[in-house]
Amino acid sequence: MARGAVGDLLVLDLSTRVAGAYCTKLLADYGARVIKIEPPGAGESTRRLRPFLADQPEGETSGFFLYLNTNKESVTLDLETASGHGLFRQLASRADLVVETVGPGYVTSLGLGPTELEPVNPRLVITSISDFGSNGPYADYKATDAVTFALGGWMYPMGDPDKPPLQPGGPYGEFVAGLFAMSGSLAAIALARLCGQGQEVEVSVHEAVASVLPFDTVLFSYTGEVIKRPGHRYRGRGPGAAVMPCKDGFVQYQNGGDKWRGMLQMIGRADLADDPRLSTPQELLEHADELEGILGAWFKDRSKHEIFQEALKHRLIFSWVPSVKELMEADQHQLRGYWVELEHQRTGALRYPGPPFRMGQTPWAARKPAPLLGEHNQVVYRDLLGLTDQDLVALRERGVI
Amino acid sequence: MVMPLENIRVIDISQGWAGPLAARVLGDLGAQVFKIESIQHPDWWRGRAPQGATSWERNALFNGVARNKFGATLNLADPRGRELLLRFLKIADVLVENFTPRVIEGWGLRFERLRQLNPSLVMMSMPGFGLTGPWRDYPALGTTTDSMSGVAALCGYEGGGPRLQSVSWDPIAGLHGAAALLLALHHRSQTGEGQFIELSHIEAGTSLIAQAVMDYSMNRRIWPRRGNRDWSMAPHGCYRCKGDDKWLVVAVRSDEEWAALCRAIGHPELGADPRFATTTDRLTNQDVLDPLIQGWTERLDHREAMEALQAAGVPAGAVLSAAEVLGDPHLNAREFFETVARPFVGTHPYPGVTIRMSRTPGHIRMPAPTLGQHNRFVLQDTLGLSDDELSRLEELQIIGTQPLWA
C-alpha cells in the first residue's frame, strides 16, 4: 500500500508544458518516482505560469506549478553538454519512461533517442507530447490553448450564435492530452514488460482536442448537420438543457422532452401541460424563448439552493453553477476530504485539489509538495547514480547542473 | 502484432459517455472490451426513443464512441441474466459500471462479493458525485457535472452569464477512468491483486480547473469570465473573417510576436507604439487593438489569415466547424480519421486512435457493435452455452438484438 499503484516505476520528466506535467503528476500521485529534469538557472517554463503567491512572479511559487508537480523530484541538467548527455543516459538506463514535450524527434536530436538508448535500456518507453505532431501542414505552427481548441473543433459550437465562438475557459486541451499520454505510457510499459521491448508514444494536443468531441464529425458525415452555437443552452438539446439566472447566481438543468412539463409543474404552471408549444421537439425549440421566460421569472425570485431542492422533490435534473470559492467550502468536498492541504517551503500550507479518483488498494497520496529547482540533485546524482560531492561541485561550476 | 492490452478482458456495463469512453480507451489499446446492454435498456446513448426505424443503430454519438468493443445483451434485472454476467466476470479482468449504487446492490454486484468470485478483478464505479457525501444521491448528467466541477463558472463572455462546454464534462471523467484502470492493472501485474476504483465525475472534473483553484487557495481571488481574452496574453481574441460565421483565434505571447503581428497586418508602426510596448500595456489597451486586428481579418478567408500569421510566427488558429475538421488538411495528412463500414449506416470516416504508438499502433478494429451483435460469441464461444440454451434465453428476453420498444 505504501508504494502506490505504480510505485515500482521510475519516470524521467523533461516536460515544459501542462500536458506533460499532468501526465507525470498522475503517475507520481499514485506512487511513481518521477524525476523532473530542468535547465539550470531558470528551471522549466511551467514555473512561470500564473497565478503566483501574492502576485509576485517567482520560480518557486507558481500555484499551477505547485499543483502539477506534487510528489516529484527535481534535478537540474544541461542536456546540451556532453556531461549532461552522460548523466541523462545513466538515468535513462534505469528508467521505465521518459516524458518530453518538445515533440517527436527531440530526444533523438539530442543524441538521446530510441536508437541510442535501446542498447542501455531496450524496455524504455519514450512519450512525446506536442501541439501538432511531427508531420503535416501544421507541424511547425505555433499554438496556445485557444489555437488548438479552434483547430480541433471544440470551440466552434461554443458560445452565442450572434457573438464569436467562445473559448472553453481553461487549458483543458493540455489536461486531455496529458491523460491520453499517461494511458498510452502505461499500456506501452505493460507491453514492454511482457515482450522486453519499449517504444515511442506520441500524443498531439490538437488531436487530443479533436478526439474529445468525437461525434460532431460523425454527425456531419451521417446527416450533413453542423452543430451550431447554442448560447446559454446545451448543444443539440434545444431548450432542454440550459443555464439560467436566478436570485443569487445561476442554475443549470438538463430536462428534455417530457420533463419540460415537470419543470412547469414545479413552478406552479401545470396548466400549461397540454400547451401546444410542448407537443413536439420542434414546437419546443420554436417557442424556447417564451417558455424559458416563464421559467426564468420564477427562478429570478429564488436562490439556487431553493430551486435545486424544489427540483429534487420533483425528480428533475438540476444543478447550480458554483464558483471556486463555493466549491472549496462545499460540505461534499470537505466531508470527502477532496481538498488536501500541503506544506511547501515557500508558500506555507495551501489547499490543493486531491484525488481525481479513489483506488481501494493503492490510494492517491500527497507525499510531498512540488520540488524546488534542483532540490534533489544530491539524492539523484549522488545517491542514485553514485557521483561524489566533488563531482557535483565540478558539474555545477561548469553549468552542467 | 501483439497489442499492449490484448490479454485484458473488460466487461463494460456502463451507459452514456463517461464509462463507455474509459472502456473504449482500453479497447483502442488492444483490450477485448465487451459492452453489455439489454433489450430492455439499450445504452441510452443510442437515443432514448425511436426516432424512426433502427434509429438506435444510426446514432452518431453512439457510433462515434462505442468502437473497438464486442456487443452483447443480458437482462441484468433477471437473475438468470445476472448469473451469466457473474460467470463472465469470473474470467474477466475489468468491470466498468455507472449504475446507481442502489441498483448495483440490488443486483448483488458489490465489489466485496465480486472479489470473492475473482480476486484479481478490477472494478470501477463512476458516480456523478461520489458514493458518499451529501451530494451522493443528486442526479448527474454531463452538463450538470460541467457546472458542478466549477467549469461553467469560468466560461462565458465578459460581463455575461456562464456557458456550457460543447463536450459537457463526461469525457473528462471517461479519460480519468481509463487512467485509473491502467494504474490498477499495473498494480495487478505486480501483485495479482485487483481493487475497487471509485471515480466521482466532479472530483475528476475539478482537477482541470486547478489553475483557478490555486489562485483562490493562494490569493483568495475568484476569476471573472473573460470571453476570449486571456489574463497573460494580449492581444488575444477571436476575430471575424470573410464569409459566413468564419473566425480566427489570435494569441500574442511576447513582444516579438506582437511586432510580427503588426507587420503581418500591415501596421508595423504599432510595433513601436508605446501604448502597446509590453504585455501589460497591451492588456490594458486591448480594446483599441481588437478593431485593428479585425479590420485585417475580416477581409480574409480564415485559413488564409491563419497561414499568413503563422508564417510570420504568430499563434493563430482558424475556428473550424465539424465539417471543416473532417476536411482538415493536417488531420488528413496524419490519417487521423479512419474509414469504417458499419451495418445500418454504411461507410464513414471516424476519429481514429488518439494515442500513437510506434511499434503497436492502434486502429478501429471494430465499429460500434449493433445491439447484441456478439451474443453468440460471448455466450456460446466464450461461456460455452448451447444453441438450445441460447434460444431459451432469447425466448425469455434475457438476450436479444432489438430494443423491446422498437
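The exercises below look at a helix pair, empty spaces and unusual backbone sites in a predicted model.

Residues are numbered from 1 along each chain as its sequence is written, and chains are lettered from A in the order in which they are written. Because the model is predicted, local features need pLDDT of at least 70 and side-chain atom pairs count only at pLDDT 80 or more, while totals for chains, interfaces and linings use all residues, and side-chain values use heavy atoms, without hydrogens and water.

**Exercise 1. Describe how helix H7 of chain A and helix H7 of chain B pack.**

Step 1. Two packed helices are described by the angle between their axes and the distance between the axes. Here H7(A), residues 172-195, and H7(B), residues 170-191, have axes that come within 9 Å and cross at roughly 25°. The helices are DSSP runs of H or I with at least four residues, strands are runs of E with at least two, and both are numbered from the N terminus; axes are lines fitted to C-alpha atoms, for helices over the stretch in contact, with angles from 0 to 180 degrees between N-to-C directions.

Step 2. Angles under 35 degrees count as roughly parallel, over 145 as roughly antiparallel, 65 to 115 as roughly perpendicular and the rest as oblique, and H7(A) and H7(B) are therefore roughly parallel to each other. Their crossing is left-handed, a term for a near helix turned anticlockwise from the far one by less than a right angle.

Step 3. For contact, meaning heavy atoms within 4.5 Å, the residues on the H7(A) side include Val176(A), Leu179(A) and Phe180(A), and those on the H7(B) side include Ile172(B), Leu175(B) and His176(B). The residues of this contact divide into 12 nonpolar, four polar and one charged, where Ala, Val, Leu, Ile, Met, Phe, Trp, Tyr, Cys and Pro count as nonpolar, Asp, Glu, Lys and Arg as charged, and the others, Gly among them, as polar.

**Exercise 2. Which elements and residues line the largest cavity and the second largest cavity?**

Step 1. On a 1 Å grid over the protein atoms alone, a cavity is a set of points where a 1.4 Å probe fits but cannot get out, a pocket is an open set with protein on both sides within 12 Å along at least five of seven lines, and lining residues have an atom within 4 Å of a point. Grid points are joined across faces, edges and corners, and a volume is the space filled by probe spheres set on the points. The structure holds six cavities of 30 Å³ or more.

Step 2. The largest cavity holds about 110 Å³ of space and is lined by 15 residues, with Gly153(A), Leu213(A), Asp216(A), Thr217(A) and Ala322(B) nearest its centre. Helix H9 (216-223) of chain A and helix H14 (322-326) of chain B are the elements that give two or more residues to this lining.

Step 3. The second largest cavity holds about 40 Å³, and its lining includes Asn63(B), Arg67(B), Arg342(B) and Tyr350(B). Helix H2 (60-65) and strand S10 (337-342) of chain B each supply at least two residues of that lining.

**Exercise 3. Where do the cis peptide bonds before Pro51(A) and Pro235(B) lie?**

Step 1. The bond from Arg50(A) to Pro51(A) is cis, with omega near 5°, and Pro51(A) sits in the loop between strand S2 (33-38) and helix H2 (63-68) of chain A.

Step 2. The bond from Ala234(B) to Pro235(B) is cis, with omega near -5°, and Pro235(B) sits in the loop between helix H9 (210-219) and strand S7 (236-240) of chain B.
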